[in-house]
Amino acid sequence: MHPNDDTTNILRFMYCKNKVVRAQLINFSVPLLLTGICWLATGKVYAVNIGTLLCLLVNGR
């Protein structure tokens, strides 16, 4: 299992009262926040590929 999947499961069952959408949003907010901080600090974004963008933008219920 991918580490992000495991984190989503931990968040879902232990902290989000079995709400998978909330757990995924919390899980994806960490890399998105770090990417935003790096972009603000440097003005550049490296190593964001199409799969990452699709995962962040179109991951539905």
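Where in the chain does Val48 lie? Val48 is placed in the loop between helix 2 and helix 3, and this residue belongs to a nonpolar patch on the surface. The model is predicted. Its protein chain has three helices and zero strands, and the points below take up the overall fold, the patch, the loop between helix 1 and helix 2, and the cysteines.

**Overall architecture**

- Read from the N terminus, the elements of the protein chain follow the order α-α-α.
- Helix 1 covers residues 3–15, while helix 2 spans 20–42 and helix 3 spans 50–58.
- Along the principal axes, a box of roughly 40 × 20 × 20 Å holds the C-alpha atoms of the protein chain.
- The protein chain has 61 residues, of which 10% count as buried.
- About 5,100 Å² of the protein chain is exposed, and 66% of this area is supplied by carbon and sulfur atoms.

**Nonpolar surface patch**

- The patch is formed by Leu32, Trp39, Leu40, Val45, Val48, Ile50, Leu53, Leu54, Leu56, Leu57 and Val58.
- Together, these residues present about 1,100 Å² of accessible area.
- Helix 2 and helix 3 each contribute at least two residues to the patch.
- Helix 3 provides the largest share, namely six residues.
- Val48, from the loop between helix 2 and helix 3, has a relative accessible area of 35% and is therefore partly exposed.
- That value also meets the accessibility condition for patch membership, because patch residues must have over 30% relative accessible area.

**Loop between helix 1 and helix 2**

- Lys17 is located in the loop between helix 1 and helix 2, and its phi is near 55°, a positive value in a residue other than glycine.
- Asn18 is also placed in the loop between helix 1 and helix 2, with a positive phi near 65°, again in a residue other than glycine.
- As background, most residues other than glycine have a negative phi.
- Lys17 has 74% relative accessibility and so counts as exposed.
- Asn18, with a relative accessible area of 45%, is partly exposed.

**Cysteines**

- Cys16 counts as buried because its relative accessibility is 3%, under the 20% cut-off.
- Cys38 has a relative accessible area of 45% and is therefore partly exposed.
- A disulfide is a covalent bond between the sulfur atoms of two cysteines.
- A search of the whole structure finds zero disulfides.

Notes. Residues are numbered from 1 along each chain as its sequence is written. This is a predicted model: local features need pLDDT of at least 70, side-chain atom pairs count only at pLDDT 80 or more; totals for chains, interfaces and linings use all residues. Side-chain values use heavy atoms; hydrogens and water are left out. Patches are made of residues with over 30% relative accessible area and no salt bridge: like charges are joined within 9 Å, nonpolar side chains (Val, Leu, Ile, Met, Phe, Trp, Tyr) within 5 Å. Accessible areas come from the Shrake-Rupley method with a 1.4 Å probe; for residues, only the protein chains shown count as cover. A salt bridge is a side-chain nitrogen of Lys or Arg within 4 Å of a carboxyl oxygen of Asp or Glu. Helices (H or I, at least four residues) and strands (E, at least two) are DSSP runs, numbered from the N terminus. Buried means under 20% relative accessible area, exposed over 50%, partly exposed in between (1.4 Å probe, protein chains only). A disulfide is a pair of cysteine sulfur atoms within 2.5 Å.
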